[in-house]
Amino acid sequence: MKGWGAVCSPTAFGLPPPEDIFEQMNEMRPASEAELCEIIRAASGPLVVRGGGTRGALPAGAVLETGGLNGVTLYEPGALTLVAGAGTPVAELEALLATEGQRLAFEVPDLRGLLGREGTSTLGGVVAENASGPRRVSVGACRDFCLGVRFVDGRGEVIRNGGRVMKNVTGYDLVKLLAGSRGRLGVLTEVALKVLPRPETEATLCLSGLSDAQAVEALSAALGSPYEVTGAAHLPGQGTYLRIEGFEGSVRYRLERLRAVLASYGAGAEVASPWAAIRDVTALAGRPGDLWRLSLRPSEAPGVVARLGAEAVVYDWGGGLVWALMAPGSDVVGRLGAFSGHATCLRGGVAGPEEPPTIATLTNRLRLQFDPRGVFA
Ligand SMILES: Cc1cc2nc3c(=O)[nH]c(=O)nc-3n(C[C@H](O)[C@H](O)[C@H](O)COP(=O)(O)OP(=O)(O)OC[C@H]3O[C@@H](n4cnc5c(N)ncnc54)[C@H](O)[C@@H]3O)c2cc1C
């Protein structure tokens, strides 16, 4: 990989003007926020932000890699706070947190198997995708754990928003805006996260033989119960799964109460934890076909899935998230018809659904504000 970094700045070493350099180089790896600002200010063509590159095919443009912006700058287990550079591998953060019995509660998915990718997810990539696993139904998404961010906008200016403590919320909440922005509003350089203690134990109840409609009903009943379900998924043909976490005695008690609430759906059995596989959607990994991700109202999910005619699906978030593996070239948009939610094609697929006009207008206005020159691809 070519590196711009410390050894290659547009003004140093008598190099040609920036525009010529951009033509010659298609990968840059700034080693500091200041270098990143310099690169963005000098950019005339599109820049594509890349963290660990686990996301897959990138749009055309010069690749701006964030691996040089790494390292934990602050970790205060007592304050449940961690601050790290955007290029820090998530695995490093998880290992550090484990030493203190803590974790990233939003359960970062590892979709490399599903997407057939190599690489290592970075903190910036996860925040930019708002990547959140099964526990989202109970604790919230990645964006809900972001306390503060630093990023460089399309003018090459550093913007700080939020803070390092939970009570610090002032002005516009750009933290929420940047989470899920997929590198289109700016390049994250540092993120402050709220972390949580790992529970003492977990248990999973599996209900067997339910239709998709019955399964979503059961998941909704469980999520509406007072027993603090932290995972609610359905794998057609395999089982309907519910997770409870906490102290041993409390988990045992709540599991039994949950069984009683769900008695009309069958006795259910306690099974070994399937949550890593559900989080990483391994049921659909290594299989050819188009891959779609649907975010929708749980009550509508079984009907939508029936219309899709998918080869295989995985329901997560109580039915609010559906991963669908389709025969290559399937007309997903035509089959979906009207539904409340949105569909994203992750692999293959014909044209994806268009963004609703109101959202497209908002997106364009935000992009004009943060990236008036249209530097980010
Ligand atoms: C099409 C697609 C959709 C996905 N959707 C989801 C999802 O909805 N939920 C989920 O849990 N996982 C999702 N994933 C998986 C997710 O991308 C990875 O788990 C992980 O978040 C990516 O980390 P990374 O460091 O490899 O980022 P990359 O793969 O390098 O980049 C991912 C995205 O983040 C941007 N990005 C990376 N670093 C920065 C930064 N520092 N500043 C600003 N932008 C940056 C990139 O431009 C790109 O748009 C998706 C993957 C694909 C292919």
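Which element gives the largest share of the shell around the ligand? Select helix 5: five residues of the shell come from this helix, the largest share. Keep in mind throughout that the model is predicted.

**Stop 1: the whole chain**

Begin with the protein chain in a cartoon view. The chain has 13 helices and 18 strands. Colour the 377 residues by burial, and 47% of them come out as buried. For contacts in the chain with a separation of 6 or more, 70% are between residues 24 or more positions apart. Switch to a surface: the chain exposes about 16800 Å², and carbon and sulfur atoms supply 53% of that area.

**Stop 2: the ligand and its shell**

Now select the ligand and the 28 residues around it. Those that come nearest are V49, G51, T54, R55 and T122. Show the polar atoms of the backbone next. At V49, a polar backbone atom is 2.6 Å from an oxygen atom of the ligand. At G53, another polar backbone atom is 2.9 Å from a ligand oxygen. At G183, the partner is a nitrogen atom of the ligand, 3.4 Å from a polar backbone atom. On its own the ligand has 960 Å² of accessible area, and the protein covers 96% of it.

Three elements give two or more residues to this shell: strand 2 (47-50), helix 5 (123-129) and strand 9 (187-194). Colour the shell by class to find 11 nonpolar, 12 polar and five charged residues.

**Stop 3: helix 3**

Select residues 90-99, which form helix 3. Its buried residues are V90, L93 and L97. Look down the axis of helix 3: these residues line one face because they fall within an arc of 60°. What do the buried residues of helix 3 pack against? Add strand 4 (72-76), strand 5 (81-85), strand 6 (102-103) and helix 5 to the view, since these are the elements on the other side of the packing. Helix 5 has already appeared at the ligand, where it gives five residues to the shell. After helix 3 comes G101, with a positive phi near 65°.

**Stop 4: helix 7 and L177**

Move to residues 174-178, helix 7, and pick L177. Is L177 buried, partly exposed or exposed? Its relative accessible area is 26%, so L177 is partly exposed. Leaving out residues up to four places away in sequence, L177 touches L185, L366 and F370. Draw a distance from L177 to L366: the C-alpha atoms are 9.5 Å apart, with the two positions 189 residues apart in sequence numbering.

**Stop 5: the loop after helix 8**

S225 is in the loop between helix 8 and strand 12 (229-235). Select S225 and show its side chain. With a relative accessible area of 12%, S225 is buried. A polar atom of the S225 side chain lies 2.7 Å from the backbone oxygen of A222.

**Stop 6: helix 11**

Select residues 301-308, helix 11. Here A301, P302, V304, V305 and L308 are buried. Why are these residues on the same side of helix 11? They cover an arc of only 160° around the axis, which puts them there. Their cover includes helix 8 (212-224), strand 15 (290-296), strand 16 (312-316), strand 17 (321-326) and helix 12 (332-336). Step just past helix 11 to G309, where phi is positive at about 65°.

**Stop 7: S330**

Two of the elements that cover helix 11, strand 17 and helix 12, are joined by a loop that holds S330. S330 counts as buried, because its relative accessibility is 6% and the cut-off is under 20%. Show the S330 side chain, which reaches the backbone oxygen of A327 at 2.5 Å.

**Stop 8: strand 18**

Finish with A343, in strand 18 (residues 341-347). A343 is buried, at a relative accessible area of 12%. For a last distance, pick the C-alpha atoms of A343 and L321: they are separated by 9.9 Å, while the two residues are 22 apart along the chain.

Technical notes:
Residues numbered from 1 in each chain as written. Predicted model: local features only at pLDDT ≥ 70, side-chain atom pairs only at ≥ 80, totals over all residues. Heavy atoms only, no water. Near = heavy atom within 4 Å. Polar contact = N/O pair within 3.5 Å; in protein donor to acceptor, adjacent residues only side chain to side chain. Areas by Shrake-Rupley, 256 points an atom, 1.4 Å probe, with all protein chains shown as cover. Helix = DSSP H or I, 4+ residues; strand = E, 2+ residues; numbered from the N terminus. Nonpolar A, V, L, I, M, F, W, Y, C, P; charged D, E, K, R; others polar. Buried < 20%, exposed > 50% of the residue type's maximum accessible area, 1.4 Å probe, protein only. Contact = heavy atoms within 4.5 Å. Arc of directions from axis to C-beta.
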